[in-house]
Amino acid sequence: MTRDAYADRCEDLFALGGFTEARKAAEAGLAELGPDPVLYRWLGLAHAAEDDDDHDADAEAAYEAGLAQWPDDLGLLVAYLELCLRADTWSYPGRAARVERLKERIAVLAPAGSPEAARVDAALGWAGRGYWQDVRQRTAAATADRAASTSHADDVAEALARGGGRAPAHPEDLRAVEVAAALELLDGPGRAPLRLVVRHRAAAYATALLLAIATNKALVLSGTVSYSVWGWIWFVPLLLAESRLRQARRLARERVIAATAARHAAAPEAGQAPAG
């Protein structure tokens, strides 16, 4: 495979959240082609994305290995700067101390207005965030995740209304694969109540709330208990259905990552197949 083919594979897998697979692709490229700044950068990014101390150390090692041979590679310099900006000053003073040196070097190589300069500005803005900015960003991320979950539930409900069972048009179509995985996990006679909940999600929540309130009140008025939370058991089927939908999204992502990796692995073989 060529360097560009390995880099494309890393980029596709990284975008899907397949950080382990992206690292394996970068390592395979380095083993086959030898040292390369682009592959070192992808290896470092895929480690850094795990947001773990051990992975951060591996990311730093990848960046330093690349910069040892290509000290002016902007991709490596900017990625290393982003890693150092995230470093805790008390736990990793050496890493944090490299920020100024990296900024100075990048300023020379990436003049104002260049894509690299814009990326540095974004990284510096992230590093300078305050408490309320962090809160707003986490809130925005949670809102986006809820919107994605709701959209997924709506897609599954539509598929169930059509009768389900339709395979995704393309194995790398994440949204379609998510629906297919959900239908698979909701299949079977024992899961009919869960399918009903997903098909009528809003009505199911409203009904469960009314039943919970009525059950608690009835238990208290009957003298059975002085305070009741037993009514909330009506939400159990809803929670089970939501759990299946979350599981489907995880399963779909794993399948799309595997399909993407398989496509890239098969591409060189197709290119090397004899003509005719």
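The protein in this predicted model has 12 helices and 0 strands. Read from one end of the sequence to the other, the pattern is therefore α-α-α-α-α-α-α-α-α-α-α-α, with helices defined as DSSP runs. Of the 276 residues in the protein, 34% are buried. Among contacts between residues at least 6 apart in sequence, 60% join residues at least 24 apart.

A good place to start a closer look is helix H4, which spans residues 53-69. H4 has 17 residues, and the distance from its first C-alpha to its last is 25 Å, close to the 24 Å expected at 1.5 Å a residue. Asp56, Ala59, Glu60, Ala62, Tyr63, Gly66 and Leu67 are the buried residues of this helix. Viewed down the axis of H4, these buried residues fall within an arc of 160°, so they line one face of the helix. An α-helix has 3.6 residues a turn, so residues three or four places apart point the same way. The face turned away from the buried side of H4 carries the exposed residues Asp54 and Ala68. On the buried side, the partners in packing are H3, helix H5 (74-86) and H6. At the N-terminal end of H4, aspartate 52 acts as a cap, with a side-chain oxygen 2.9 Å from the backbone nitrogen of aspartate 54.

Charged pairs come next. Side chains of opposite charge can pair when their charged atoms come close. The protein has 15 salt bridges in the model. Glutamate 60, one of the buried residues of H4, takes part in a salt bridge with arginine 95, at 3.1 Å from N to O. Arginine 95 belongs to helix H6 (residues 93-109) and glutamate 60 to helix H4, so this pair ties together parts that are 35 residues apart in sequence. Both of these residues are buried. Glutamate 60 also forms a salt bridge with arginine 98, where the closest N and O atoms are 2.7 Å apart. Here too the link runs from H4 to H6, so the pair ties together parts that are 38 residues apart in sequence. Glutamate 60 has a relative accessible area of 11% and is buried, whereas arginine 98 counts as partly exposed at 23%.

Another salt bridge joins aspartate 36 and arginine 3, with 3.2 Å between the closest N and O atoms. Aspartate 36 sits in the loop between helix H2 (19-33) and helix H3 (37-48), while arginine 3 lies in helix H1 (residues 3-15), so the pair ties together parts that are 33 residues apart in sequence. Aspartate 36 is buried because its relative accessible area of 12% falls under the 20% limit. Arginine 3, at 32% relative accessibility, is partly exposed. Together with Asp4, these two residues make up a network of salt bridges: Arg3, Asp4 and Asp36.

The nonpolar interior brings H4 back into view. The largest nonpolar core has 60 residues, of which Tyr63, Tyr80, Leu81, Ile106, Val156 and Val198 touch the most other members. H5 supplies the largest share of this core, with 10 residues. One of the well-connected members is tyrosine 80. Leaving aside residues up to four places away in sequence, tyrosine 80 touches Glu60, Tyr63, Glu64, Leu67, Arg98 and Leu102. These contacts of tyrosine 80 include Glu60 and Arg98, the two residues that pair in the 2.7 Å salt bridge.

Note on methods:
Residues numbered from 1 in each chain as written. Predicted model: local features only at pLDDT ≥ 70, side-chain atom pairs only at ≥ 80, totals over all residues. Heavy atoms only, no water. Salt bridge = Lys/Arg side-chain N within 4 Å of Asp/Glu carboxyl O. Helix = DSSP H or I, 4+ residues; strand = E, 2+ residues; numbered from the N terminus. Buried < 20%, exposed > 50% of the residue type's maximum accessible area, 1.4 Å probe, protein only. Expected span 1.5 Å × (residues − 1). Arc of directions from axis to C-beta. Contact = heavy atoms within 4.5 Å. Polar contact = N/O pair within 3.5 Å; in protein donor to acceptor, adjacent residues only side chain to side chain. Core = buried A, V, L, I, M, F, W, Y, C linked by side-chain atoms within 4.5 Å.
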